[in-house]
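Trainee: I should like to go through this model with you, one question at a time. Please give the reasoning before each result.

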Amino acid sequence: MSEPVWEVFRQERRGRPFEHAGSVVAPDADFAEAWAREQYGRRGESAALWIVPRDAIRDVESWADEFDLKYRRVDGYSIKARLKEARERAAARAR
Amino acid sequence: MAAVEVPQDAQAFLDYVQGGGQVEATDRLPDEYRVKLVKFIEMHANSELMGVLPEREWILRAPTLQRKLALTAKVQDEVGHAQLIYRIVEDLGKPRGQCLADLVSGKSKFHNVFHYPTRTWGDVGVIAWLVDAAAIISQKALLKCSYAPYARIMKKICWEESFHILHGRDVILAMVTGTPAQFELVQEALNRWWAPLMQFHGNPIPRDEDPMWHWRIKSQGNEEARQQFLEGYVPQIWELGLTVPDPKLRRGDDGVWEYTEPDWDELRSVVTGHGPMTDERLAFRSRFIEQEQWVRDVLAA
C-alpha cells in the first residue's frame, strides 16, 4: 500500500483520556480527518479525535530494569518480617 | 513492573494466547496464526460488505421515509464495518484490493445468510432483527479476541449493531401489530430464514477441534453461540405469536435447546459459492468495484 496509515484516537467525553480506536488509510491529513469523522464521530460518540500518522508514533515496548529500581515502587519494600520483629521487640520491652 | 513480553517460541506463544494474552500488529506472530487471522477476519469483512446487498435492494421500496432513512443508515454502518475490518486485514499483510479481488473471484468466502434473496419487507425485518442478533453473538465473543486491534474495533461494531437489532425489532413489531397480511409476511420470512439462521454459527464441532478457538481468535464454540441465540431470541419470537418452523424445537429441562439437525450440506454448498443469490451479488459487487475505480485513482493522484 502506497497510501499512508493514520491511527485514530478518540475521546469519549471532555476530560477523558484519548483511547486508540482504529486506523484509516488516506493520502493526506484532510482525507484522514474526513474518514475518521465518518468512522468515529458520525453519531456524536466522540468529543474529540486525534489523527496521527503511524510513522510518527514511537513504539516503546521493552522495559529493562538493569539498575533495579524497585525502591521506586511498593513491591520494592518488604516490611512483613521486619514489622514482625519490631512488634516482638516492643512486646519484650513492655514485659 | 516490566511489561509482559509476547513470547517468540511457538509453544510459549500458544500458551500465552490460550491464557487470555493479546497481541498487537507490531508483535512478531507465528505464520500459522497470521494465516488463520487473515482467513477469519477477511471473511468477516467480506460478510459486512456483501451483507448490505440484501438490504440495499429494499432502500427504494421502504414503506416510509423514516424506514428508508434508517435502512440507508444501517447500510452505511455495515459498509463502514467492512472498511474497518479490511484495515485490520491490511495490517496483517493482505492489501484491500487483493481481498476484493479474491471476494469477487469466489476464492474467499462470506457468511451463508447473505447468499439468499430478500423477497419481501418481512425479510428485511427478519434480517435486521434475527440475522443481526445471530451476528452480534459471534461479534461479542470477538471482543476477547487474542488479536487486540481486531478486538478493539469490535467495540464500535457491536455498539452500532445494537441499534440495528432494535431497528429490526421495530420493523417486525410494526408488522405483527398491523393487518393479518402484514403478520403473514413476517411469518413467511421467518419460515424462509430459519434454516440459514440455524446454520449460521457453523457445525457443532467441539471447540477444541476448531482452529479459531485453538488460537483464541474466537472465544466460544459454534454450538455455544447457537444455544445463546436460541436462548435469547426464541422466547422473543414466540411472544409475538410467531411460529418457529421446527417441530422439534424445545428448551430441555437442563436449559439446553433441542432442534432438528440443520442441513450442513446446504451450508457447505452455499458458502462455497452455490447459494441462490451468490452469482448475482458477486457480479453486482464486481461491477461496482470497476465503476468506482476512478475514485481510487483520484485519491491516489
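Trainee: Is B:His274 buried or exposed, or does it stand in between?

Mentor: The model is a predicted one, and the answer rests on a count of neighbours. B:His274 belongs to helix 10 (residues 264–274) of chain B. A residue counts as buried at 20 or more other C-beta atoms within 10 Å and as exposed at 12 or fewer. B:His274 has 13 such atoms, and therefore it is partly exposed.

Trainee: How far apart in space are B:His274 and B:Val113, C-alpha to C-alpha?

Mentor: In sequence, 161 residues separate B:His274 and B:Val113. In space, their C-alpha atoms are apart by 12 Å.

Trainee: Why is B:Ala128 assigned to its burial class, and which class is that?

Mentor: B:Ala128 sits in helix 5 of chain B. The threshold for a buried residue is 20 or more other C-beta atoms within 10 Å. Around B:Ala128 there are 24 of them, so its class is buried.

Trainee: Which residues does B:Ala128 touch, leaving aside those up to four places away in sequence?

Mentor: Contact here requires C-beta atoms within 7 Å. B:Glu239 may serve as a reference point: it is 111 residues from B:Ala128 along the chain, with 18 Å between the C-alpha atoms. The residues that B:Ala128 touches are B:Lys74, B:His164, B:His167, B:Gly168 and B:Val171.

Trainee: Against which helices do the buried residues of helix 6 of chain B pack?

Mentor: The buried residues of helix 6 of chain B include B:Met154, B:Ile157, B:Glu161, B:His164, B:His167, B:Gly168 and B:Val171. Residues three or four places apart in an α-helix point the same way, because there are 3.6 residues a turn. The packing partners of the buried residues of helix 6 are helix 2 (31–56), helix 3, helix 5 (121–141) and helix 7 (180–199) of chain B.

Trainee: On which residue is the kink in helix 6 of chain B centred?

Mentor: Helix 6 of chain B comprises 29 residues and spans 42 Å from its first C-alpha to its last, close to the 42 Å expected at 1.5 Å a residue. Helix 6 nevertheless contains a kink of about 25°. The centre of that kink is B:Lys155.

Trainee: What is the phi of B:Arg216?

Mentor: B:Arg216 lies in the loop between helix 8 (211–214) and helix 9 (222–238) of chain B. B:Arg216 is buried, since it has 20 other C-beta atoms within 10 Å. Its phi is positive although the residue is not glycine, with a value near 55°.

Trainee: Which strands of the chain A sheet stand at its edges, and why?

Mentor: The sheet of chain A is open and antiparallel, with 3 strands in the order 2-1-3. Strand 1 pairs with strand 2 (residues 18–25) over 7 bridges and with strand 3 (residues 48–53) over 6 bridges. Each edge strand has a single partner, so one side of each lacks a neighbour in the sheet; these are strand 2 and strand 3 of chain A.

Trainee: Which residues form the covered face of strand 1 of chain A?

Mentor: Side chains in a regular strand alternate between the two faces of the sheet. In strand 1 (residues 5–11) of chain A, the uncovered face holds A:Val5, A:Glu7, A:Phe9 and A:Gln11. The covered face holds A:Trp6, A:Val8 and A:Arg10.

Trainee: Which residue of strand 3 of chain A is the bridge partner of A:Arg10?

Mentor: On the strand 2 side, A:Trp6 stands opposite A:Val24, A:Glu7 is partnered by A:Ser23, and A:Gln11 faces A:Phe18. On the strand 3 side, the partner of A:Arg10 is A:Leu49.

Trainee: Which helix of chain B gives the most residues to the side that touches chain A?

Mentor: In this interface, 13 residues of chain B are in contact with 14 residues of chain A. Helix 3 (65–91), helix 6 (148–176) and helix 12 (293–300) of chain B each supply at least two residues of that side. The residues of chain B on that side comprise 7 nonpolar, 2 polar and 4 charged. With 4 residues, the helix that gives the most is helix 3 of chain B.

Technical notes: Residues are numbered from 1 along each chain as its sequence is written. Chains are lettered from A and ligands numbered from 1 in the order in which they are written. This is a predicted model: local features need pLDDT of at least 70, side-chain atom pairs count only at pLDDT 80 or more; totals for chains, interfaces and linings use all residues. Two residues are in contact if their C-beta atoms, placed from the backbone, lie within 7 Å. Ala, Val, Leu, Ile, Met, Phe, Trp, Tyr, Cys and Pro count as nonpolar, Asp, Glu, Lys and Arg as charged, and the others, Gly among them, as polar. Two strands pair if DSSP finds at least two bridges between them. The expected span of a helix is 1.5 Å times one less than its number of residues. The bend at a residue is the angle between axes fitted to the seven residues ending there and the seven starting there.
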